[in-house]
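Let's take a look at this protein together, starting with the whole chain and then moving to a single residue.

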Amino acid sequence: MAKSEAPIFRQLFESQSCTYTYLLADKNTRDAVIIDPVLETLDRDVKLVQELGLNLKVAVNTHCHADHITSTGLMKKKIEGLKSAISKHSGASADIQLSEGEEITFGKHHLTVRETPGHTNGCVTLVLGDESMAFTGDALLIRGCGRTDFQQGSPRRLYQSVHEVIFKLPEHCLLYPAHDYKGQTVTTVGEERKYNPRLTKNLEEFVNIMDNLNLPNPKKIDIAVPANLVCGLHDL
């Protein structure tokens with residue numbers, strides 16, 4: 001895709017949960033999609049959509065998050081015609097239940113849904129039509145990956161998802177995760193194939209690493225998961 005044809009792209013950050021939110025839009029039609037919006041930054045995101053003159057069509061979550069509450073439910077109340085979307089395997093309610101291979105269209109661009117379970121059953125990676133960039137959620141992080149010890153987590157499924165889906169994308173494909181805790185913003189398929197300290201291991205070594213992380217639960221898990229199962233509108 002020529003540079004002049006690339007979509008509008010913004011990477012946004014929420015500091016409490018270290019979550020990245022992504023906004024993409026067609027330069028001509030102004031149709032837009034937002035990925036993994038967070039409750040605490042709802043007003044910021046709505047303001048940006050308005051300032052850029054965008055028609056926000058879809059707010060999609062890459063999975064049912066455990067560390068923050070999504071803003072999709074409240075965002076729908078602020079932006080007319082906005083629809084929420086999440087994987088049909090997530091167990092969460094949304095206007096659009098996504099399946100493998102489906103496309104989220106915004107103007108002449110689209111994101112293809114690739115199912116990448118392992119962190120949760122309902123994790124998806126969203127791949128831009130020309131495969132120049134992909135949004136990996138918590139499946140693949142920069143030099144890391146999502147944990148697999150709760151929410152239907154499975155290290156074997158995660159390893160398979162990364163190696164058979166994400167790592168099959170072109171080497172130059174830019175990968176944007178849902179989180180980063182070290183100030184990193186983007187990586188590539190080629191970099192992660194070569195330098196990811198967990199996913200360069202063989203399957204059994206990877207499973208052993210993931211089964212012995214012994215991490216504490218996310219601080220907001222007891223609030224975030226029930227809320228996100230109902231589009232972030234639980235007790236709000």
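What follows is a short tour of a predicted model.

## The chain as a whole

The chain contains six helices and 14 strands. Its C-alpha trace spans about 50 × 45 × 30 Å along the principal axes. How does the radius of gyration fit with a compact globule? For 236 residues, such a globule would come out near 18 Å, and the chain has 17 Å, so the two agree.

Contacts between residues 24 or more positions apart make up 63% of the contacts in the chain with a separation of 6 or more.

## Surface and charge

Of the 236 residues, 54% count as buried. The accessible surface of the chain adds up to about 10,500 Å², and carbon and sulfur atoms account for 49% of that.

If you are thinking about charge, the chain carries 26 positive and 30 negative side chains. The centres of these two sets are 3 Å apart.

## A closer look at N61

Now to one residue. N61 sits in the loop that links strand 4 (55–60) to helix 2 (72–78). Is N61 buried or exposed? N61 has a relative accessibility of 5%, so it counts as buried, the cut-off being under 20%.

Which side chain does the side chain of N61 meet in a polar contact? The partner is the side chain of T70, at 3.1 Å. T70 also appears among the contacts of N61 that remain once neighbours within four places in sequence are set aside. The others in that set are D36, P37, T72, A85, I86 and V124.

Technical notes. Residues are numbered from 1 along each chain as its sequence is written. This is a predicted model: local features need pLDDT of at least 70, side-chain atom pairs count only at pLDDT 80 or more; totals for chains, interfaces and linings use all residues. Side-chain values use heavy atoms; hydrogens and water are left out. Helices (H or I, at least four residues) and strands (E, at least two) are DSSP runs, numbered from the N terminus. Buried means under 20% relative accessible area, exposed over 50%, partly exposed in between (1.4 Å probe, protein chains only). A polar contact is a pair of N or O atoms within 3.5 Å; within protein, one must be able to donate a hydrogen and the other to accept it, and residues adjacent in sequence count only if both atoms are side-chain atoms. Contact means heavy atoms within 4.5 Å. The radius of gyration is taken over C-alpha atoms; the globule rule is 2.2 Å times the number of residues to the power 0.38. Accessible areas come from the Shrake-Rupley method with a 1.4 Å probe; for residues, only the protein chains shown count as cover. Lys and Arg count as positive and Asp and Glu as negative; His and the chain ends are not counted. The place of a charge is taken as NZ of Lys, CZ of Arg, CG of Asp or CD of Glu.
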